[in-house]
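Dear colleague,

Please find below the structure I am handing over to you, followed by a summary of what was found in it.

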Amino acid sequence: MTETFYDVLRRQGISRRSFMKFCSLTATSLGLAPAFAPKIAHALENKPRTPVIWLHGLECTCCSESFIRSAHPLAKDVVLSMLSLDYDDTLMAAAGHQAEAILDEIKKKYKGNYILAVEGNPPLNEDGMFCFQGGKPFVEKLKYMAADCKAIIAWGSCASWGCVQAAKPNPTRATPVHKVITDKPVIKVPGCPPIAEVMTGVVTYMLTFERLPELDRQGRPKMFYGQRIHDKCYRRPHFDAGQFVEGWDDEAARRGYCLYKMGCKGPTTYNACSTTRWNGGVSFPIQSGHGCIGCSEDGFWDKGSFYDRITDIKQFGIESNADKVGMAVAGGVGAAIAAHAAVTALSRAKVKQGNASQEQKQGE
Amino acid sequence: MHIEREFRGEGPGGRQVLSYYVYEAPVRLWHWVNALAIVVLAVTGYFIGKPLPSMGGEASDHYVMGTIRFAHFAAAYVFVFGFIGRIYWAFVGNHHARQLFILPFWDKAWWGEVFFELRWYLFLEPKPKKYIGHNPLAQLSMFFAFTLGATFLIVTGLALYGEGAQAGHWTHTLFTSWVIPLFGQSQDVHTWHRLAMWAFVVFVMIHVYAAIREDIMSRQSLISTMVSGHRMFKD
Ligand code: HEM
Ligand code: HEM
Ligand code: SF4
């Protein structure tokens with residue numbers, strides 16, 4: 001008989017009670033009605049387990065670090081039991097050839113049925129030599145495993161957009177997963193790192209419902225990336241009132257006013273931080289007094305300072321922004337207009353003089 | 001070309017004065033409403049990116065940013081629907097109503113006139129020419145700076161608006177959903193929207209200067225034409 005999720009969980013020493021708690025927690029975090037909790041339980045009890053393979057490309061492991069700190073220890077235990085059994089070179093016990101053999105085995109046994117979770121991205125320069133695993137460039141391993149998977153989860157901003165290793169000038173040509181694997185659905189879960197509950201939520205959704213969560217045009221699950229930080233920020237009343245922190249040590253900072261003027265990227269960042277928060281709902285960057293840096297947005301390293309609201313435009317020089325460019329041009333044009341007006345007045349005076357002397361001559 | 005000749009009479013100094021009806025009432029009304037909306041949009045837009053000094057006290061006592069943003073969005077709706085109305089008038093209005101949208105791009109003679117006007121502004125021509133509608137250089141700059149600029153500001157502006165209005169709102173469905181991915185991310189759309197504002201500021205500076213200058217220097221009326229609709233030739 002094929003193993004179900006529930007079998008694995010019980011084998012891992014998770015009690016039935018914990019399992020039921022996990023099901024209702026998952027239903028809530030996915031925004032489903034309470035009636036869905038038994039459905040999730042039923043699915044996990046009866047469906048054959050979908051294996052998840054977790055690959056690591058160019059990355060810093062912050063996604064894994066976030067994931068294993070999932071607020072609810074339950075969620076972590078449950079989801080980890082689903083995952084780590086198969087392949088995750090950072091977390092699993094197997095090593096060396098033994099570990100790599102698991103890949104081949106899963107690829108064959110679960111052809112077209114396993115989920116490929118990718119943390120980090122493949123660098124493409126020098127034939128991929130900048131990230132080398134088990135004697136092969138990572139890009140080859142990625143393509144090899146992607147060929148027979150059901151779907152890919154791109155963990156974090158690295159896999160989704162490129163992140164710091166792809167920041168200009170991107171010497172290794174680090175490339176996000178969807179640009180390398182074009183024939184499989186890629187679910188992006190950006191963030192540096194993504195929120196733990198968002199990660200477990202996405203995995204659980206896919207494993208229990210056996211379909212992809214609804215994605216936006218950029219491939220992110222709508223349920224977690226449908227709103228901006230700014231839309232749900234608890235400092236928003238201060239924004240609307242026009243109450244801003246203007247220095248890190250001013251009275252406004254102590255009072256917890258809006259961080260917009262300190263370069264907060266909340267208004268342009270799609271993520272769930274201001275709702276789910278971090279570390280078990282304890283806090284999130286804005287709550288601890290620092291603006292959002294927009295870590296789940298494409299190319300956030302290349303958008304100038306984290307502390308400017310109006311950010312730099314590289315095309316016009318390193319330290320240029322819309323206002324500097326605009327004011328310079330407007331100033332230049334203003335000066336040109338003034339000069340033009342002066343010349344106009346002069347030449348008009350001349351013409352008038354000419355006309356006047358002509359009229360004088362005619363009069364004589 | 002349909003030009004209604006309405007008035008022929010004596011001007012000061014016994015010179016003949018010709019008058020043509022060029023700008024119909026909807027065009028004139030639109031021009032001034034639009035100009036006002038743009039002033040409001042540029043001022044409020046500037047302060048959206050660089051807000052006024054912080055307010056003190058309770059958040060519930062103030063609504064400064066809220067009011068500025070409301071004024072921006074209200075003026076934006078006037079601007080957007082005014083522009084749509086202006087496009088409609090290009091279809092049903094007279095020949096001059098179409099000049100803002102269609103350039104006689106393949107007309108060599110027209111390009112010649114553009115260069116003539118350029119030379120006139122560079123003080124290389126002693127005498128300006130007379131035009132019933134827009135002078136060709138004005139038409140060219142209005143098309144590129146105003147018509148294209150306005151379209152860009154409207155598309156990016158509605159995309160930003162849809163972010164706040166969120167999925168389901170028509171601005172989100174029609175604009176946000178494709179504009180944000182096209183630019184890469186929301187921050188870039190803000191930056192370009194703001195740059196486009198500066199482009200507009202520059203256009204308005206040149207436009208107003210040229211209108212006043214030509215009103216004085218050229219052989220035809222300008223500002224009063226945008227008020228009354230009649231183009232008067234001074235000689
Ligand atoms: C002449 C036309 C316009 C000008 C000059 C203009 C100017 C500006 C400027 C300078 C900003 C600040 C950008 C930033 O630094 O973040 C802004 C923001 C914005 N504009 Fe416009 N805009 C125009 C038209 C529109 C239109 C047609 C709309 C459509 C509704 C619109 C909607 C917005 C929105 C939603 C924001 C962002 C507000 C926020 O982040 O709180 N704008 N505009
Ligand atoms: C935000 C400010 C303004 C904008 C965006 C603007 C835009 C325009 C546009 C698009 C047209 C072409 C109208 C058409 O073909 O339908 C036009 C024409 C005109 N505008 Fe403005 N305008 C502004 C302010 C002004 C001001 C302040 C004046 C007066 C000093 C002015 C004087 C004129 C005149 C005289 C014309 C007609 C030019 C001609 O006869 O060829 N405009 N303007
Ligand atoms: S702190 Fe940032 S996210 Fe919060 S209201 Fe201010 S600008 Fe928006």
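Which residues come nearest to ligand 1? In this predicted model, they are B:R69, B:H72, B:H190, B:H193 and B:R194, out of the 25 residues around the ligand.

Ligand 1 lies between chains A and B, and side chains from each of these chains take part in its polar contacts, as the following list sets out.

- B:H190: a polar atom of its side chain is 2.7 Å from an oxygen atom of ligand 1.
- B:H193: an N or O atom of its side chain is 2.8 Å from a nitrogen atom of ligand 1.
- A:R309: an N or O atom of its side chain is 3.2 Å from an oxygen atom of ligand 1.

Turning to chain B as a whole, its secondary structure comprises 7 helices and 3 strands. Their order along the sequence is β-β-α-α-α-α-α-α-α-β, so that two strands precede the helices and one strand follows them. The C-alpha trace of chain B spans about 70 × 40 × 35 Å along its principal axes.

Chain B has 235 residues, of which 46% count as buried. Of the contacts in chain B between residues at least 6 apart in sequence, 59% join residues at least 24 apart.

As to its surface, chain B exposes about 11,900 Å², with 72% of that area supplied by carbon and sulfur atoms. Chain B carries 18 positive and 15 negative side chains; the centres of these two sets are 8 Å apart.

Yours sincerely

Definitions and conventions: Residues are numbered from 1 along each chain as its sequence is written. Chains are lettered from A and ligands numbered from 1 in the order in which they are written. This is a predicted model: local features need pLDDT of at least 70, side-chain atom pairs count only at pLDDT 80 or more; totals for chains, interfaces and linings use all residues. Side-chain values use heavy atoms; hydrogens and water are left out. Helices (H or I, at least four residues) and strands (E, at least two) are DSSP runs, numbered from the N terminus. Buried means under 20% relative accessible area, exposed over 50%, partly exposed in between (1.4 Å probe, protein chains only). Contact means heavy atoms within 4.5 Å. Accessible areas come from the Shrake-Rupley method with a 1.4 Å probe; for residues, only the protein chains shown count as cover. Lys and Arg count as positive and Asp and Glu as negative; His and the chain ends are not counted. The place of a charge is taken as NZ of Lys, CZ of Arg, CG of Asp or CD of Glu. A residue is near a molecule or strand if one of its heavy atoms lies within 4 Å of it. A polar contact is a pair of N or O atoms within 3.5 Å; within protein, one must be able to donate a hydrogen and the other to accept it, and residues adjacent in sequence count only if both atoms are side-chain atoms.
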